[in-house]
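Got the viewer open? Take a walk through this model with me, one selection at a time.

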Amino acid sequence: LIIMIIRNAKFEDIDDCVKISHIPEFSYLDKASDADSKKYLMEFYKKGIMLVAEDRNEIVGFIIGEFMLGNFIWVDGITIRKEYRGQGIGKKLFSKFRDVLKAKGVEHIYLMAPKFNKNTLKFYKSIGLKKGKEFIEFSKDI
C-alpha cells in the first residue's frame, strides 16, 4: 500500500532527487556527476517549481519546471522511480503541479519528450497534453 504525499520540495530532498535523476530520459543528468546534478536541480528548487512525491518519508518522484516570459512554464522533467511507475503517482504529481500553476496564474505548460520513450509519450497523452503541431525542434551542440 502506497501512502503518497505530493508537496513542495525541501532542501533536504535534493540529494534523493539527484539519485533518481540519473536516467536516460534526462540525457543532461543521466551521466552527470551527483554534484552537477545537484547544482542543476537546485536552480529549480530556488527559482522555479519543484514538487516531490513521497511514500513513507522516501522520495519516489519529482517534477521540475521554470517560469518563462509570456505566462507559461517549461516543464524540464518529471520522473518516478521505476518500481513505483504505473501506479498513478505521475498523474497525481502532474495534477498537483497544475494546481500550483493555476494558483500562480500560469496559463500554458510546455515540455519536450524523447520520442524513443513510448511510455513517456503515452503518459503525457493520458494526462491531457497535446502533441505539438506548430513547432519543430532544432538543436546544435556547441
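## Stop one: the charged tail side

Start by selecting Lys131, which sits in the segment after α5 (118-126); helices (H or I, at least four residues) and strands (E, at least two) are DSSP runs, numbered from the N terminus. What you have loaded is a predicted model, in which local features need pLDDT of at least 70 and side-chain atom pairs count only at pLDDT 80 or more, while totals for chains, interfaces and linings use all residues. Residues are numbered from 1 along each chain as its sequence is written, and side-chain values use heavy atoms, with hydrogens and water left out.

Is Lys131 buried or exposed? Lys131 counts as exposed because its relative accessibility is 71%; the cut-offs are under 20% relative accessible area for buried, over 50% for exposed, and partly exposed in between (1.4 Å probe, protein chains only).

Now add Lys115, Lys118 and Lys125 to the selection: together with Lys131 they form a positive surface patch. Patches take residues with over 30% relative accessible area and no salt bridge, joining like charges within 9 Å and nonpolar side chains (Val, Leu, Ile, Met, Phe, Trp, Tyr) within 5 Å. Lys and Arg count as positive and Asp and Glu as negative, with His and the chain ends not counted. To check the spacing yourself, take NZ of Lys as the place of the charge.

## Colour by confidence

Switch the colouring to pLDDT, the predictor's confidence in each residue, from 0 to 100. The chain has a mean of 89, and 99% of its residues reach 70 or more. Which element has the lowest confidence? That is helix α2 (residues 27-30), at a mean of 82, while strand β2 (residues 49-55) is highest at 96.

## Salt bridges

Next, show the charged side chains. Side chains of opposite charge can pair when their charged atoms come close. There are nine salt bridges in the structure, each being a side-chain nitrogen of Lys or Arg within 4 Å of a carboxyl oxygen of Asp or Glu.

Select Arg7 and Asp13 for one of them: their closest N and O atoms are 2.7 Å apart. Both Asp13 and Arg7 are buried.

For another, go to Asp30 and Lys31, where the closest N and O atoms are 3.4 Å apart. Lys31 counts as exposed because its relative accessible area is 73%.

Then pick Asp55, whose side chain meets that of Arg56 in a salt bridge (3.3 Å, N to O). With a relative accessibility of 3%, Asp55 counts as buried. Before leaving the bridges, bring up Arg7, Asp13 and Glu54 together: salt bridges that share partners join these residues into one network.

## The loop between β2 and β3

Keep Arg56 selected, as it lies in the loop between β2 and β3 (58-68). What is phi of Arg56 near? It is near 50°, a positive value in a residue other than glycine. Step on to Asn57, in the loop between β2 and β3, where phi is near 65°, again positive in a residue other than glycine. Asn57 counts as exposed because its relative accessibility is 70%.

From Arg56, draw a C-alpha to C-alpha distance to Val75: they are 19 residues apart in sequence and 26 Å apart in space. Val75 is in strand β4 (residues 72-80) and counts as buried because its relative accessible area is 3%.

## Along helix α4

Move to Lys92, in helix α4. Lys92 is partly exposed, with a relative accessible area of 47%. How many residues separate Lys92 and Ala53 in sequence? They are 39 residues apart, with 8.6 Å from C-alpha to C-alpha.

Ser95 is in helix α4 too. At 29% relative accessibility, Ser95 counts as partly exposed. Measure across to Ile6: the two are 89 residues apart in sequence and 9.7 Å apart in space, C-alpha to C-alpha.

## Last selection

Finish at Glu107, in the loop between α4 (89-103) and β5 (108-110). Glu107 counts as exposed because its relative accessible area is 59%. Pair Glu107 with Ala9 and you have 98 residues of sequence separation and 22 Å in space, C-alpha to C-alpha.

Notes
Accessible areas come from the Shrake-Rupley method with a 1.4 Å probe; for residues, only the protein chains shown count as cover.
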